[in-house]
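Student: Please take a close look at one helix and what it packs against. Keep it to a single connected account.

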Amino acid sequence: MMSTYSLFKGSVVLASLISLTGCQAFRASVVTRKPEEARPLTAKYDQSDLIAWGQIMSEAILSHPFPPPGEDHPILVDMGIQNRTSSHIDMKAISDTITTKLLESGKIRLVNASRRDDLLKEQGYQLANCTEETRVRIGKQLGARYMLTGSLVEITQKELPQIRLSKQEDTYYQLTVEITDLETGLVVLRKQKDRLRSARRPVVGW
Amino acid sequence: MPTATTLRHEPSLKRGRVFFPAGAARCIVRHTAPWLVAGCSLLVIGCATQRLEHARSCFATGQFAAAQAELAKLPKGTADRVLFLMERGTAAQAAGDYHGSINDWQEAARLIEALDYLSVSRSSSSLVINDRVQAFRGAPFERTLLRTFTAKSYLALGLWEDAAVEARNVVASLQNLNGFPDDAYSRYVAAFCFEMIGAYDDAALEYRAAASLVPYLRISDRTGAIAPAVTNPPDSSFASVWPAPTNAAELVCFVLIGCASGDNEACACANHWGPDPFAEIYAENRYLGRSYCLANTLALRTATEARLTAIKAAKTAARVLLKDAIARQVSKEDQLLGSLAWLLLFSLETPDTRRWETLPQFLQVARVPCPADLKGYTIVFRGAGGQAIEQRVVTSPLTRHGRTIFSLCRAL
C-alpha cells in the first residue's frame, strides 16, 4: 500500500509540472487564422470547400469562355444550387461565393432574385410616399438572359464493422454548376468539380 | 494505542517522512470510501432522472411547454444528454416549436455520431457499477426515428430540401441493420420527402421498401397512396398517372397515436387506445379518408431487445462475477469493508431502462384527397372497434407544396 508520503510527494511533483508548463493547457485562447489555411477536422463539407469551389468554379466559368463573344455584360440570375447531400449545407453561400467572383470579374451583371419581394415592397412604398424626383421609376427592372443553377451530390463510404482500432470514412462531393439561356432553354455551359476526403477515427477512446 | 516508540519502529515510516499514524489512513479509507463511491454513483444516476420523469409526466398530460422548460438545462456529462435532447425535441414538436425540435434533434444526432466509439473508462465503469454509466445513444430504431421526426419538422416548416437531407439520413440509417428491425413508417416519410423535391425514383424505391414491410397494406410506389391489402387484382383507388389531375389536392397527414412508455405490447393494450386505433379525416363535413398504421414502436422495441438479449445477459453475468470477485478480495483485507463493498456493488446492479419514452406508439399515415383550398380539417381518433375516443380540429401545420398539403397530428 502506497504511503501517504509517496502520495503527497507525487501530488507536489504533478502540481509543479503543471505550473512549469505555464498552465497553457488550461488557458483559453483566441487566434485569427486564414480560412484557406485551416486544417480540415472532418471529411465533411467545411469552409475550405466553400472557398475552393467558389474560386475554381468561377474561374472555370470565365475561362469557358463565358460570356460568349459578342455579348457585352449579359445579365445572370442565380436560381440556387440544389442540395442532394445528407448534410445541411448552406447552398446559398456556395452560389453567393461563385456569383461574387463572377461579378468581381466585371464580365457579367447579376439581378437580385432573392430580394425581389423586398424590391417590390420598397418600390411600392416610394410610389406612395416619396417625392417624384427621388423615387425610382417602376417597371424598369432588367430581365436576366441567363440562369445559374446546379447541384451538390455527396457519396459517403464507411468501412464495414470489423474488429479494428480505427475506422475510415471517405466522403466524395461533386459540385455541378450550369448556366442556361432563358430564351432558348439551352445549357450554354456546365462545369463540375469534385473532391474526396478520407477521415480515420479511433473506435476506442477514453 | 500505538506509542511514539512503536510508531518510530513501524516499517513504513522512514527518517524524514511526514509523520502520520499508520492505522488512521486505513480508518479514513474504511469509513469514507463506500460513501464516496455511492455518492458518485448516485450523482451519475439520480438528479437527471428526476427532471426527466417530471418532464415526461408533463408531456403525458399535454403540458408540452412545461415539459420543454423542465428539460431546458441539459445534464453536464454525455451519459444522458442524447436522451434529454430526444425528449425535449418531442415536446418542442408537439408544442409547435419546429425550429426548437430541429435544433434539439440535430444536436442529438451530432452527439450520437461523436459517441460512436468504445469508451474504455465508461466500459470499465459499467463492469463495476451498471450499464447506466454508458453514454445513451438510443436503440437503432430510435436513431432512425430521430431523423424521421426531424424530417417532419422540416416538412412542417416547408423546408423541402432540408427534409430531403434528413430523408437521406433515414435511408442511410436503415442500411446494414444487422438483425435489428426495419421501419416502414420511416421509409414512408423518407419517400414522401423525396417526392416533394421531385426525386420520384428515390421515392418509389422507398415506397416499395415500406410496402414490403407491411403485408396487410398496399402502398403505391408511384403515388404513395395507401389501402388495405386485397387479394383481387388492382385496386382502382390508386391513381394510374403521376401526377394526379391538377384540380385535385391531396392531404398527407402523419398521425401519431399513444405513447411508447409501456414495457411491452401487452401492457400497451391495456391503455385507452386499444390494440389498433386509427384516425378519420373530415373536411367541410365530408369524410375524406382514414389513417393506416405503418409501425408500432413497442413492437420495434421488443424486436430490438430480443436481438440484444444474449449480449446483455452475457454482460450482466460478467459484471456480477466481477463484483463478487471484488467484494471477496476486499473481504480478505477487511471483513466489514468487504461486506459493505458487496452491499454497495450489488445495490447498484440495476438494468439500463433508458429509452425515448415520449415516442408515439402507433405511427400512422393518412393520405386522402381534399379540397384545394383546405384551411383546416377535423380528425377523429377511433379505437379498434370504431368507437370515437378523441376529436379535434387541426389548422396547423398545413404546408402546401404544389397540390400536396402536409400536416401532422398527435394524440397522447
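Tutor: Helices are DSSP runs of H or I with at least four residues, strands are E runs of at least two, and both are numbered from the N terminus. This is a predicted model, where local features need pLDDT of at least 70, side-chain atom pairs count only at pLDDT 80 or more, and totals for chains, interfaces and linings use all residues. Residues are numbered from 1 along each chain as written, with chains lettered from A and ligands numbered from 1 in written order.

Take H9(B), residues 184-196 of chain B. Its 13 residues should span 18 Å at 1.5 Å a residue (counting one less than the number of residues). The end C-alpha atoms lie 18 Å apart, so the expected span agrees. H9(B) is mostly covered, with 13 of its 13 residues buried (20 or more other C-beta atoms within 10 Å, C-beta atoms being placed from the backbone). Just after H9(B), Gly198(B) has a positive phi of about 85°.

Next comes the partner, H10(B), residues 200-213. The two helices pack at about 160°, axes 8 Å apart (axes are fitted to C-alpha atoms over the stretch in contact, and angles run from 0 to 180 degrees between N-to-C directions). H9(B) is therefore roughly antiparallel to H10(B) (over 145 degrees). From H9(B), the contact includes Ala184(B), Tyr188(B), Ala191(B) and Phe194(B); from H10(B), Tyr200(B), Ala203(B), Tyr207(B) and Leu213(B) are among those met (contact: C-beta atoms, placed from the backbone, within 7 Å). The residues of this contact divide into eleven nonpolar, no polar and four charged (Ala, Val, Leu, Ile, Met, Phe, Trp, Tyr, Cys and Pro count as nonpolar, Asp, Glu, Lys and Arg as charged, the others, Gly among them, as polar).

Definitions and conventions:
A residue is buried if 20 or more other C-beta atoms lie within 10 Å of its own, exposed if 12 or fewer, and partly exposed in between; C-beta atoms are placed from the backbone. Angles under 35 degrees count as roughly parallel, over 145 as roughly antiparallel, 65 to 115 as roughly perpendicular and the rest as oblique. Two residues are in contact if their C-beta atoms, placed from the backbone, lie within 7 Å.
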